[in-house]
Amino acid sequence: MPESFQNFIAGAWVDSVSGRTFENRNPARADDLVGLFPRSVPEDVDRAVRSAQRGFDVWRRTPAPARGDVLRKAGDLMTARKDEIARAATREMGKVVAETRGDVQEGIDTAYYAATECRRLFGHTVPSELPDKWAMTYRRPIGVCGMITPFNFPMAIPTWKIFPALACGNAVVFKPAEDVPHTGALFVEILLDAGLPPEVIQLVHGYGEEVGQHLVEHPEVPVISFTGSTETGRRIGEICGRMHKRLSLEMGGKNAQIVLPDADMELALEGVLWGAFGTTGQRCTATSRLLLHEDVQEEFLTELVRRAQALRLGDGLLDGTDVGPLINAAALEKVETYAGVAAAEADVVLGGRRARGPELEGGFFFEPTVAQAVLPGSRLALEEVFGPLLSVITFREFDDAIRINNEVRYGLSSSVYTTDVRVAFRAMSELDTGITYVNAPTIGAEAHLPFGGVKETGNGHREGGWEVYEFYSETKVCYVDYSGRLQRAQIDNYD
Ligand code: NAD
């Protein structure tokens, strides 16, 4: 019998009122059924929101440092269970276990950062323009936050949202991606074991259109934080705009690594291999484009192809695997479609096919693929693939590299390899992305810095670091007049 999992609603582990379930399978081995999860319906969301409102009432009155104690304990529990969670995440998500360990570590870092932030959550005191009057701000929690997360960072991304929201005193309804529900359940288990009052967190499993959208549309959920595709984010943005909700969107990317002729080529090669094929290319920050200076193009590409060919595909739980499977059959088909586009538009010098082999038959494996002679402005140069397909574009002038980098609709991450400090600073200032790496790949965000993108990648907010606390709290301004008389600002003190 497969293991059955439940929602966590109103302080109890429960089935969906629908009585239905969906299967969660290992993308490396389709015959490995991780478990059955509740296929929730709007009524489950409604119950979760009502309960979260009660949880909010308790939690917002809990002193912030006491909230921080719970978050610190959650970090301790995640540390103790790091390997177990990483293995569970790899089993349902596919990436190699060294990466899911990093995913869990990012959650641990976020827990400890949030715990200490609970002793800050600074406001300001500001001089008033009137005598015997004080002016100050403080940060108030907002209410029930709906968290909708993608499959590719099953632990880190939920923690980026949920820890800061809890630190600020909000309650949470969490809808994890349907491909990685088990890691979501483990996270909620940890929060409860850490002492979070049960109604402060609600877990509702299920499909985006069936429950995610209802959560977004729920009038008693004033805050929505979404990470996922730009298409889904746009739909969510339209609803939240109409309903006057606070919304954070983190969406797609089409990130480029630029290599100048003066770069340390070994470093640049390691960077692009990791950036393009790590997480099987399924990172929002994955290196999807390599912008190569034409002077180094031939030599660099030859070596890149040699190294990419040597990457070992397989089950992420096995030692020696470099690249795991794609998340599901739809993702495999999408990457295959883009390999077709590559064959038509460019020159495929490596891969381009589903990966075959006795160990790979039951999984969604695609060969690491490199397409060269990709033209700026072509589909391959502009569209997010979200798989192990690297598009190589050559350039002559650095200005061209900047222009090519900036002509996509996304703006998450960029990277430049150079030893010229002037070029490095020009890149940092000119590249239209939320993050730029110098002499490092397009991936590698750290939990204590803001994370997010510009243009169609985001909507102006950031996750991580200190900035996210602004999103999950409302600034309140208080004036205290102890003059004992009516003082009219701007009127009594100026002619
Ligand atoms: P997705 O948009 O398909 O799904 C993300 C989440 O949204 C899932 O939980 C899904 O169930 C839910 N959802 C789907 N339709 C919905 C709807 N109509 N209403 C409400 N919720 C809905 O994305 P995915 O395939 O899981 O993730 C891949 C995408 O996420 C890529 O585009 C990637 O670039 C992006 N991503 C961005 C970041 C970032 O920080 N910028 C990080 C990771 C992934």
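**Figure legends: overall fold, surface and domains**

**View 1. Overall dimensions of the predicted model.** With 495 residues, the protein would be expected to have a radius of gyration near 23 Å as a compact globule, and its value of 24 Å agrees with this; the radius is taken over C-alpha atoms, and the globule rule is 2.2 Å times the number of residues to the power 0.38. Along the principal axes, the C-alpha atoms fill a box of roughly 80 × 70 × 40 Å. Residues are numbered from 1 along each chain as its sequence is written. Local features need pLDDT of at least 70 and side-chain atom pairs pLDDT 80 or more, totals for chains, interfaces and linings use all residues, and side-chain values use heavy atoms, without hydrogens and water.

**View 2. Secondary structure and burial.** The protein contains 15 helices and 21 strands, defined as DSSP runs (helices H or I, at least four residues; strands E, at least two). Of the 495 residues, 56% are buried, that is, under 20% relative accessible area with a 1.4 Å probe, protein chains only. Among contacts (heavy atoms within 4.5 Å) with a separation of 6 or more, 74% join residues 24 or more positions apart.

**View 3. Exposed surface.** About 20300 Å² of the protein is exposed, and carbon and sulfur atoms supply 51% of this area, computed by the Shrake-Rupley method with a 1.4 Å probe.

**View 4. The two domains.** An automatic or database domain assignment divides the protein into domain 1 (7-251 + 458-477) and domain 2 (255-438). Their C-alpha centres lie 31 Å apart. The contact between them takes 23 residues from domain 1 and 26 residues from domain 2.

Methods
Buried means under 20% relative accessible area, exposed over 50%, partly exposed in between (1.4 Å probe, protein chains only).
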